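Dear colleague,

Please find below the structure I promised to hand over, with its sequence. My notes on what was found in it follow directly after.

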Amino acid sequence: MYVIKNATCYTMEKRGVIHADLLLKDGKIAKIAKNIEMEGAEVIDAAGKVVTPGFVDAHSHIGGIDNLSELGEDLNEITNPLTPELDAYYGINPDDKCFGYAIAQGITTSCLVPGSANVVGGWGMVYKSAGKNRVIKRPAALKGAMGINPKGCYAPMFKAPMTRMGIANLHRTYLKNVKEYMEKKAEAKGDPAKMPPYDLGLEHGIPVLEKKIPLKVHSYMHDMMTVLEIAKEFDIYITLDHALGASDYLEELTDPHVKGVIFGPTAEPLFPGEGGKIDYECCKELDDRGVTVAVMTDGPVTPVNMLLYEMGEAVRRGMDPVRALAMVTSNSAKMLDVDKRIGSLKTGKDADILIWSKLPTLYTDAVLEHVFIDGEKVK
C-alpha cells in the first residue's frame, strides 16, 4: 500500500492536470484527493514530480521474438500465409528480459501480437510487463499484414502471395470464409448433425466479424486504403499499424471502421517505397480530426525507448504534449478496449503508475523515477 503525495497528476481523464495525492491499495487506485493519510502506507513524496498512467504499447512482440538470446522466433510461423488459428499466448516467454527493459521505459502493458510474416497471423493479447495476473485481454485483435513482409517471406518460395493483389485476395477470401462459416452455424441452430466441421482458424475470425475485436493490420501508405476498403466491405473494425504515409489519407482515415491508427516506429530499417515516408505530423492531424492515434515500439525489433522518441517527434511537429501523452496511455488503452482498467488515473482503475522528474513529452531530460504495476513498485 502506497500514498504518493503532492504530485502533479496527468490524469488523462476529464479532470485533466491536477495537484493531488494518490492512494494505491489492493492493486487499484483507491483514492485521488488532497491530503490523503493512510496508516501503514509507504509514503512517496512526489512534490515537484509528474505522475502519469503507465504506458500502453499498442503493438509489440516482446516475449516472443527474442533477439537477445538463443530462444529465437516464436511469433512468426512462416509456413503458411494464413495462420489465423494461432494464438500469441502460446508464444510468449513471461521471463523474457525484454519485459524488464520495457518497465525501465515506463511500459507497463503491451499488446503482444504475432509477427507480420503472414497475411493473417493469429490472435494477439494485452499483457502486463510484470505481476501475478498479466493477461488483461485475450483475444485483443486478429493480426494481419500487407505489403513487403508477406511478399518478402513467400515470394522467394514462389508461393502466394507474391504480390499485393495476392495479399488483398487472401484477406478477402479468409473473411468470406468466416462469414459463410458463421452463416452455416446459425442455420444449424445448434443441431450437431447440421453444424459445419469445426475450424479453429475460422473460429478465430468470428470475433472480428462480430466487431468484438479489430483486424490489426501491418500496413503502410496506399496499403492502408486497401485495408479500409476490405473493412467497409465486411463491416469490421481495423487498426492500421505502422501507418507511415498516413498524412496522405487524413480524411479517409476518419472512417468509423478505423478503430485506431498506430504510428511508427521509425528506427527500424525502412522498406523501399512503402516505408519511405516518415510523417510524424500525421499524429496531430489525425488527432485533430478525432481519430484515435497511438504510437508503438514494435519491440524488440526496435529499442523499447521508441515511445518516448515517437511522442517527442510528434510534439516537435506541433502536437500538444498532453495529447502526445494520450498516444501511449488513454488512446492506446481505448483502441485495445482495456480503458476500463488502464490508460488513465481514476479511482478503481489498476494502479499502473509512473513517477517522472518532468513531463516526458516535453522535456528530453525527464527521468523515470518509479514504476508501479498493480500497485506494486517494480522500479
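Lys137 counts as buried, because its relative accessibility is 18% and the cut-off for that class is under 20%. Please keep in mind, here and throughout, that this is a predicted model. The residue lies in strand S11, which covers residues 135-145. Once the neighbours within four places in sequence are left aside, the contacts of Lys137 are Met125, Val126, Lys212, Ile213, Leu336, Asp337 and Val338.

As for the chain as a whole, the protein has 10 helices and 18 strands, and its C-alpha trace spans about 65 × 50 × 45 Å along the principal axes. The radius of gyration is 21 Å, which agrees with the value near 21 Å that a compact globule would have with 379 residues. Of these 379 residues, 58% count as buried, and among the contacts with a separation of 6 or more, 67% are accounted for by residues 24 or more positions apart. The exposed surface of the protein comes to about 15600 Å², of which carbon and sulfur atoms supply 52%. There are 44 positive and 52 negative side chains, and the centres of the two sets lie 4 Å apart.

The strands towards the end of the numbering deserve a description of their own. Strand S5 (residues 50-53) pairs with S16 in the antiparallel sense over four bridges, and within this pairing Thr52 has Leu354 in S16 as its bridge partner. Strand S16 (residues 353-356) is in turn joined by four bridges to strand S17 (residues 368-373), again in an antiparallel arrangement, where the bridge partner of Trp356 is Leu368. In a regular strand the side chains alternate between the two faces of the sheet. Both faces of S16 are covered, since Ile353 and Ile355 on one side are buried, as are Leu354 and Trp356 on the other.

From S17 the description can be carried on to strand S18 (residues 376-377), which runs antiparallel to S17 and is joined to it by two bridges. Ile373 has Glu376 in S18 as its bridge partner. The hairpin of S17 and S18 has two residues between the strands, and in it Asp374 takes a positive phi near 50°.

Two further residues with a positive phi may be worth a look when you go through the backbone. Asp26, which is not a glycine, has a positive phi of about 55°, and its place is in the loop between strand S2 (17-25) and strand S3 (28-33). With a relative accessibility of 73%, Asp26 counts as exposed. His242, also a residue other than glycine, has a phi near 95°, but this residue is found in strand S13 (residues 238-242), and at 1% relative accessibility His242 counts as buried.

The backbone also contains cis peptide bonds that should be checked by eye. The bond from Ala160 to Pro161 is cis, with omega near 10°, and Pro161 lies in the loop between helix H2 (148-154) and helix H3 (164-188). The bond from Gly299 to Pro300 is cis as well, with omega near 0°, and Pro300 belongs to the loop between strand S15 (293-295) and helix H8 (306-316).

That loop leads on to H8 itself. Which residues of H8 are buried? They are Met306, Leu307, Glu310, Met311, Glu313, Ala314 and Val315, a list in which two glutamates, Glu310 and Glu313, appear beside residues such as Leu307 and Val315. The cover over the buried residues of H8 includes strand S6 (55-60), strand S9 (107-112), strand S14 (258-263), helix H7 (281-288), S15 and helix H9 (321-326). Just after H8, Gly318 takes a positive phi of about 110°.

With best regards

Technical notes
Residues are numbered from 1 along each chain as its sequence is written. This is a predicted model: local features need pLDDT of at least 70, side-chain atom pairs count only at pLDDT 80 or more; totals for chains, interfaces and linings use all residues. Side-chain values use heavy atoms; hydrogens and water are left out. The radius of gyration is taken over C-alpha atoms; the globule rule is 2.2 Å times the number of residues to the power 0.38. Buried means under 20% relative accessible area, exposed over 50%, partly exposed in between (1.4 Å probe, protein chains only). Contact means heavy atoms within 4.5 Å. Accessible areas come from the Shrake-Rupley method with a 1.4 Å probe; for residues, only the protein chains shown count as cover. Lys and Arg count as positive and Asp and Glu as negative; His and the chain ends are not counted. The place of a charge is taken as NZ of Lys, CZ of Arg, CG of Asp or CD of Glu. Two strands pair if DSSP finds at least two bridges between them.
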